[in-house]
Amino acid sequence: KPWGIAGSRNGMWAVTDFYKDCVYMFDKDDRLVTTFGRRSSGKGELSSPVAVAFDADDHVYVADHSNNKIQKFTIDDKFLIQFGNGKLKCPRGLTVHNSKVYVTDENNRVSVFQLDGQLFGFIAEGQLGRPCGVAISSDNMLLVADEGHHC
């Protein structure tokens, strides 16, 4: 079940598959280049990945929903780090902007991390009712799709 999609600066794009517990990587000509992830909870293993995003260096960030963490990979599927353990509850939305990783989860807030996985802080804590999607607009506004408040 394809779930999340994101494009990189160099034309690559990634699709998460919620039920197959993996990420498909495609090139700019829409050819499948690689698939990574398998169902488990270890480093580089995924369980119900939902959102995906790229940073300016084309690292791939995956919201690992059922493992309650974010995992970071190189564009050619090498595991780098995982973060958010103990801070995230079923992450659902993810975007990367200006060297920060923004994550929505079932703690009803937006968690902000540095690119190295260090927690930077929280936004809208206690003001959201099941946030799912998150994005940054061209004028640097934080946009959150809030399923619980139907907006």
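A residue is counted as buried when its relative accessible area is under 20%, and by this criterion Arg109, with a relative accessible area of 10%, is buried. The structure described here is a predicted model, and the side-chain contacts reported below were computed from its atoms.

Arg109, placed in strand β11, forms a salt bridge with Glu125, in which the closest N and O atoms are 3.1 Å apart. The partner residue, Glu125, belongs to the loop between β12 and β13, and the two residues are separated by 16 positions in the sequence, so that the contact links distant parts of the chain. In contrast to the buried Arg109, Glu125 counts as partly exposed, at 47% relative accessibility.

In total, eight salt bridges are found in the model. Several of them are joined, in that Arg92, Glu106, Arg130 and Glu147 are linked in a network of salt bridges. Within this network, the side chains of Arg130 and Glu106 meet with an N to O distance of 3.4 Å; Arg130 is located in the loop between β12 (119–123) and β13 (131–136), whereas Glu106 is located in the loop between β10 (100–105) and β11 (109–114), and the pair thereby links parts of the chain that are 24 residues apart. Arg130 also meets Glu147 in a salt bridge, at an N to O distance of 3.5 Å. Because Glu147 lies in the segment after β14 while Arg130 lies in the loop between β12 and β13, this second pair ties together parts that are 17 residues apart in sequence. These three residues are assigned to the partly exposed class, with relative accessible areas of 36% for Arg130, 24% for Glu106 and 37% for Glu147.

Side chains of opposite charge can pair when their charged atoms come close. For Asp146, which lies in strand β14 (residues 142–146), no such pairing is found: Asp146 is buried yet has no salt bridge, and the nearest side chain of opposite charge, that of Arg92, is 7.3 Å away. Since a salt bridge requires a side-chain nitrogen of Lys or Arg within 4 Å of a carboxyl oxygen of Asp or Glu, the separation of 7.3 Å between Asp146 and Arg92 does not qualify. A polar atom of the Asp146 side chain does, however, lie 3.0 Å from the backbone nitrogen of Gly129.

Aromatic contacts were examined in the same model, and six aromatic pairs are present. The rings of Trp3 and Phe18 have their centres 4.7 Å apart and their planes at 25 degrees, and the pair is therefore classed as stacked. Trp3 lies in strand β1 (residues 2–7), whereas Phe18 lies in the loop between β2 (13–17) and β3 (22–26), so that this pair ties together parts that are 15 residues apart in sequence. The two partners fall into separate accessibility classes, Trp3 being partly exposed, with a relative accessible area of 45%, and Phe18 being buried, with a relative accessible area of 16%. Ring pairs further link Trp3, Phe18 and Tyr19 into a cluster.

A second aromatic pair is formed by Phe36 and Phe73, whose ring centres are 4.5 Å apart and whose planes are at 45 degrees, so the pair is tilted. This pair likewise links distant parts of the chain, with Phe36 in strand β4 (residues 32–36) and Phe73 in strand β7 (residues 69–73), 37 residues apart. Both partners are buried, Phe36 with a relative accessible area of 5% and Phe73 with a relative accessible area of 1%. An aromatic ring is also involved in a contact with a charge, as the charged end of Lys100 sits over the ring of Phe120, 4.6 Å from its centre.

Finally, the cysteine residues were considered, and zero disulfides are found in the structure. For Cys22, the closest cysteine sulfur is that of Cys90, at a distance of 19 Å, which is too far for a bond, given that a disulfide requires a pair of cysteine sulfur atoms within 2.5 Å. Cys22 is buried, with a relative accessible area of 4%, whereas Cys132 is partly exposed, with a relative accessible area of 23%.

Key: Residues numbered from 1 in each chain as written. Predicted model: local features only at pLDDT ≥ 70, side-chain atom pairs only at ≥ 80, totals over all residues. Heavy atoms only, no water. Helix = DSSP H or I, 4+ residues; strand = E, 2+ residues; numbered from the N terminus. Buried < 20%, exposed > 50% of the residue type's maximum accessible area, 1.4 Å probe, protein only. Lys, Arg positive; Asp, Glu negative; His and termini not counted. Polar contact = N/O pair within 3.5 Å; in protein donor to acceptor, adjacent residues only side chain to side chain. Phe/Tyr/Trp six-rings, centres within 6.5 Å; stacked < 30°, edge-to-face > 60°. Lys NZ or Arg CZ within 6 Å of the ring centre and 35° of its normal.
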